Amino acid sequence: MAMILGIEGGGTKTTAILMADTGRVYARAEAGPANASLHTAAQLAAVFRRILAGLPIQKPLREMSHVSLCLAGVIDPATTGKVREAARKVFPKQAALHIGSDLISGLYGAFGRGEGIVLIAGTGSCSFGMHRGRSAKSGGWGHLLGDRGSGYFIGLMALQEVIREQDHFNRLSPLGKLLLSATGCQRVSDLVTWSAGAEKARIAALAPEVFRAVRMRERSARRIIDGAVLELVADCQAVAKQLRWTKGARVALRGGLFDHHPDFTRQVSRLLHRHGLRVVGLTHATEGAKGAALWAREKSGNKVQEGSLQDEGETGRELPLVDISKISTEDSNPATARLSELSTAEAVKLMINEDRRILPALRRETAAIARTVDLIAASFKKGGRLFYVGAGTSGRLGVLDASECPPTFSVPPEMVQGIIAGGAAALTTAIEGAEDDREEGRSVMETRGINSRDIVVGLAASGRTPYVWGALEAAHQLRAKTVIVSCNPKFRGREPFKTTVAIHLATGPETLTGSTRLRAGTATKLVLNLFTTLAMTRIGKVLGNYMIDVAPTNEKLRARAIRLVCLLTGRDAAHAFDALCRNQWNVRAACEETLHGTSGHASLHLSSRYR
């Protein structure tokens, strides 16, 4: 009999249920808050240890086959990795980990299975649903960017309405009097100071005063509540639409606003029904920790591998298990087998000598690189964009090259974009598991609005990175041009699908076995240099070998701009400086004015001798 530990963690407390796969509950425990976004891995591990200590476990830990962790703040690969890191320190190694957000445990707690939509309205708000293997969410972005229709939303709108009444009509409404009493303030102006120091929960605690004002027939309060209803229903509709479940979708209402304000609940229910969504009684309702355990039980029926990370929304074709023998960069390099035994000078000479493989590898791919340059230039001319997509070192190199294009060529940042698995945090920190998330790669392409004018370049030293192939596959389906750049010739012909161009650089085994930040990283950077430099040249951003459109954003670059105008026009520095000042430091326009007497027209060509 398998034992499942279901844990739900939030901003107030963490609860756990130890359950057999038959559904029988053996024990329950509680601990302090656990939020994957707000707490460190060490703090999460401490909460997990307190959970285990609080369980009167009759069954030995070795029988715990699954651990389900549904925590607030699990929103991306970085937070998922943090939870996984903490869990590995505490739970039995043989137990499979299932990591997701507290929305999943709430859904399973409401319906007992992954079919339905849960609409949550308490201090915060969110709508989450699952249907036929799909999952979708709307809201849940926190009080600064989201929580539409929540208690916080209602309290904040009420404060703003009271201030508005004061500004426009110099009067204190009944709602204003209720808020002054609830906050202990004497004057409306005091609410400004109070709200500046109030936490989210304190502002949300004003919501009951707004409901009280509604019962007093206060029109402004009625407008606030009606607005909250519309926001919540809109979030629920959005989830149903994403799930392609627009008729007859089952919705459970959870949270303090629904628990304590029946008129509000009826108003939301009626509007949902009007839009074809069915609010159901919670006949299977149970606490979230058991919902987490039920989720794990359902997942375990899908042959979960022991010790593997399983997240909600994990769908789609998977690449086969990694075969290291088919990755060139994982081969051992016999020439560097004694690296650790060499003197520093000898090791330096050896590493420099080993890098001789890089340029021949690039030369062998000249035709493919040239074709990619032409595709990028053609994309730019049509108003398209270039996207680099990668993980780890490859992803960082793509972001680096993209970030250098605006100052070098005066192009908008959106023209060349770098996307790295795990997001911005992955630029400085390794995000565990991010490169294996194929679905996240697909999702980011849809989010960026990829279209037929764009070109997406996947960067994967091994050639197999699931995140990269998820992005390339989505881009291909959205009719964008696709390119794969790897340092693994063994992968040629084994790609999941045929990209527009495939570049597999034969850089050979690394000096330090498997460390693709070395030769593979250097080769990748050289390829990216070729892509953007030559594509920008093809669209007229380079004149001769000069950066004619450089953005002079500092003293050195302004000195370079003056020198460029002098070289291209034959005039002295004083004239060049004056011309640049008149043309907002646009080198091309300054040259045009000097040579042809026309100012401010940066799109004109210079004399043919400079082309």
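**View 1. V389 of strand 12 meets its bridge partner, G458, in strand 14.** Welcome to this predicted model. Strand 12 covers residues 386-390, and strand 14 spans residues 455-459. The two strands run in the parallel sense and are paired over five bridges. V389 and G458 make a handy place to begin following that pairing.

**View 2. Strand 12 also pairs with strand 13.** Here we turn to strand 13, residues 416-420, which is joined to strand 12 in the parallel sense, again over five bridges. To find your way, look for G390: its bridge partner in strand 13 is I420. Between the two strands, look for helix 16, made of residues 392-409. Together, strand 12, helix 16 and strand 13 form a β-α-β unit, and that unit is right-handed.

**View 3. Strand 12 is mostly covered.** How many of the residues of strand 12 are buried? The count is five of its five residues. In a regular strand, side chains alternate between the two faces of the sheet. Following strand 12 face by face, you meet L386, Y388 and G390 on one side, with F387 and V389 on the other. Both faces are covered, as the residues on each side are all buried.

**View 4. Two nonpolar cores lie apart from each other.** The largest nonpolar core holds 49 residues. Which residues have the most contacts inside it? They are I117, L119, I154, F264, V268 and L272. Helix 9 gives the most to this core, contributing 10 residues. Apart from it lies another core, of 36 residues, which includes L386, V457, L505 and M536. L386 is already familiar as one of the buried residues of strand 12.

**View 5. N170 has a positive phi in a loop between two helices.** Its loop lies between helix 4 (151-169) and helix 5 (174-183). Phi of N170 is near 50°, a positive value in a residue other than glycine. Is N170 buried or exposed? N170 is exposed, because its relative accessible area of 60% is over 50%.

**View 6. R244 is another residue with a positive phi that is not a glycine.** Its phi is about 55°. To find R244, look in the loop between helix 9 (219-242) and strand 9 (249-254). R244 is exposed as well, with a relative accessible area of 64%. Helix 9, at one end of this loop, is the helix that gives 10 residues to the largest nonpolar core.

Note on methods. Residues numbered from 1 in each chain as written. Predicted model: local features only at pLDDT ≥ 70, side-chain atom pairs only at ≥ 80, totals over all residues. Heavy atoms only, no water. Buried < 20%, exposed > 50% of the residue type's maximum accessible area, 1.4 Å probe, protein only. Helix = DSSP H or I, 4+ residues; strand = E, 2+ residues; numbered from the N terminus. Pairing = 2+ DSSP bridges. Right-handed = clockwise from strand over helix to strand, strands pointing away. Core = buried A, V, L, I, M, F, W, Y, C linked by side-chain atoms within 4.5 Å.
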